[in-house]
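Me: I would like a close look at one part of this model. Please keep it plain.

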Amino acid sequence: MIEIRDLTKIYKLSNKKKAELKTKDSEKVAVSGVSLEAHPGEIYGLLGPNGAGKTTTLRCVATLLKPTKGEISVCGFDTVKEGKQVRDKICFLTNEIKLDPHFSASYMFDFFGGLHNIDEETLAKRKDFFFERFGITDFKDKKIEDLSTGMKQKAAIAVSLVHDPEVIIFDEPTNGLDIITARVVTDFLKELRDSGKTIIVSTHIMSEAQKLCDRIGMIIDGKKVAEGTLSSLLAQENAEDLEDAFFKVYKRVKGEDKIG
Amino acid sequence: MKGARRIIKKELARVFKDKKLIFTMFIMPAILMFAIYGLIGKLIASANNDIIEHKSAVTIVNAPEDFKQVIEATGYRLMSDVSYSDEAGYESRKTDIENEVINGQTDLLVCFDKNFEADYKAYEKRGDKIPGINIFYNSTENYSQQAYNVFNRSVITPYRETLQQARLGDLEKLEVFGINEQLLEKESKKDTQFLSMMLPYLLVIMLFSSAMGITVDAIAGEKERGTLSSMLLAPISRSEIVVGKLVSLSISSTLSAFVYCVSMIFAMPMMMQGMGGEVNFSFISVSSALMLLAIILLMNLLFVSLISLLSIVAKDSKTASTLVSPVYIVVVMAGVMTMFSSGAEVATWKYAIPVYGNALVIQQICSGEVVMSGFLASVAGLVVMIAVIIGLTTKAFNSEKIMFNA
């Protein structure tokens with residue numbers, strides 16, 4: 001269970017950043033007043049364009065960033081005050097966070113298992129299960145740097161699940177993956193959902209959100225502008241598909257002339 | 001601190017399970033030390049031998065007969081090519097012969113005064129003309145310098161004594177008193193000048209370069225590759241990650257520096273033999289070895305934590321290396337500063353200056369004259385500095401701006 005209440009994240013901009021963003025403001029509001037809940041047994045999708053604040057929101061949930069305002073609780077633990085407990089309940093996956101390429105998937109699984117205080121027997125069982133599930137058993141002792149991109153991603157997912165987390169946070173789950181690996185990942189996320197896990201993903205790919213997510217929150221310019229199940233969003237916006245619905249919302253928020 | 005222990009284990013496995021790293025950190029330094037010191041020793045020895053074995057080309061102008069006899073009697077002819085020339089022959093070729101000395105074709109030119117023998121014999125009282133010998137040599141040419149030294153020692157001195165004997169009869173009259181020199185020195189300080197001059201400097205360089213090699217990659221490299229973030233997601237505190245990283249890096253780099261030191265200790269005599277000197281390691285008593293070890297370990301931790309701090313602040317390995325380079329120069333300078341110290345008493349507070357004070361203590365340990373208060377000040381200075389840097393590093397690990405460019 002994830003509860004985000006009135007989350008606001010403001011970045012202070014350095015002179016270099018100001019020049020990069022071509023702004024004179026010394027602050028950038030990345031997320032503004034976002035509240036949402038993700039429940040066990042559901043996949044919640046954060047949908048929005050690049051720079052909308054999806055990754056920042058997920059990083060705040062994963063305790064990597066501290067909210068400027070608002071609160072986040074994961075399985076009842078506060079992400080700021082009880083960061084360690086939160087990290088023991090979650091797994092956070094993103095393309096930017098990788099496994100040490102000098103070690104094998106098997107070593108990394110054991111290493112992170114150790115950091116999560118998993119006993120050896122459970123660790124061995126889980127390793128067999130996940131490695132088999134993702135088809136990496138034959139490559140488990142190969143150095144991660146020698147694995148293919150898809151295999152690396154699957155190894156990273158397997159290792160991140162070492163502690164059987166209750167909450168799975170996935171930033172752009174299929175980004176950079178070939179269609180087969182992407183399918184393996186989305187299928188597995190559904191499996192996890194069915195086993196009662198709380199899953200929150202961010203994506204800007206409409207078709208992915210449509211197929212994968214039980215509920216969707218649309219984020220534009222750091223604000224949550226719409227939320228609901230796929231059917232409720234379609235009905236709400238009188239749209240044929242999610243992409244259609246998203247653009248209707250987007251036009252309303254940004255104004256007609258801002259598109260294209 | 002269970003998490004820190006696991007990180008230490010993993011980081012050590014990273015080093016000790018990688019054949020390439022084992023070779024570059026622990027085997028190559030030993031090979032390099034032996035190769036470099038052995039080669040330097042051999043080159044110096046062969047250069048010295050070459051100078052000694054070289055047959056000097058000596059031209060002697062207006063040589064008196066009795067001088068020629070001394071040349072024969074001393075066996076000088078066996079080690080040099082001596083050619084005699086008379087005044088007339090010399091006058092016509094004067095510039096040529098002098099140029100030959102300048103250009104290194106002739107090693108030594110010795111010119112007796114025209115009436116050397118007559119003037120010597122005519123001398124009766126103070127104020128009478130004293131005949132002279134003009135010696136031309138070139139101090140920028142090793143062969144010429146050596147020819148001058150040998151000629152002075154082997155020919156001029158015996159010739160002078162022969163003439164003095166002939167004039168005075170009893171040479172002992174000239175020897176008003178005798179000088180009896182006795183060297184009184186501590187056995188532990190004998191032959192330690194070279195070591196106490198070089199070791200602090202070499203140790204500082206070795207410790208820093210060993211630490212630099214692995215720390216930049218282990219911190220900035222991991223940050224760049226995104227593997228550090230995966231550790232930040234583990235249910236452990238940031239300080240545990242910092243401790244785990246610093247301790248493991250210190251262990252690896254200390255071991256690497258230790259290999260450097262041991263190889264140097266064994267390889268240095270190879271160089272000193274070539275130079276005709278010796279290295280005295282008798283300062284290594286249990287207490288001095290322990291003090292040296294304490295300083296080395298703490299200095300290593302200082303370097304590792306300092307490089308870690310710079311590496312975590314940097315956004316990638318390249319920037320980290322750029323940040324570390326000026327620090328390396330400052331550290332080396334601090335080591336160099338102690339190379340030329342006069343041995344005068346140093347104020348205790350100066351020992352507390354990291355690197356400089358530590359190099360001073362190492363220097364004193366090498367010469368067997370360590371000041372306890374200086375050693376303690378040095379340790380205290382290091383501990384305080386390390387604590388401050390570890391504090392800053394932990395703060396950097398907790399900073400969203402530094403870790404996630406947020």
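Which residues have the most contacts inside the largest nonpolar core?

Reply: They are A:I169, A:L189, A:M218 and B:F303, in a core of 160 residues. A nonpolar core is a set of buried Ala, Val, Leu, Ile, Met, Phe, Trp, Tyr and Cys residues joined through side-chain atoms within 4.5 Å. Buried means under 20% relative accessible area, exposed over 50%, and partly exposed in between, with a 1.4 Å probe and protein chains only.

This is a predicted model: local features need pLDDT of at least 70, side-chain atom pairs count only at pLDDT 80 or more, and totals for chains, interfaces and linings use all residues. Residues are numbered from 1 along each chain as its sequence is written, chains are lettered from A and ligands numbered from 1 in the order in which they are written, and side-chain values use heavy atoms, with hydrogens and water left out.

Helix α8 of chain B, residues 193–225, gives the most to the largest core. Its share is 15 residues. Helices here are DSSP runs of H or I, at least four residues long, and strands are runs of E, at least two, numbered from the N terminus.

Now take A:L189. Setting aside residues up to four places away in sequence, A:L189 touches A:I43, A:I168, A:F170 and A:P173. A:I199, A:V201 and A:L212 are also among its contacts. Contact means heavy atoms within 4.5 Å.

Another core lies apart from the largest one. This other core has 20 residues, including B:F67, B:Y76, B:V155 and B:L163.

Chain B also has a domain assignment, with bounds from an automatic or database source. Domain 1 covers 2–32 + 188–404, and domain 2 covers 55–174. Their C-alpha centres lie 58 Å apart.
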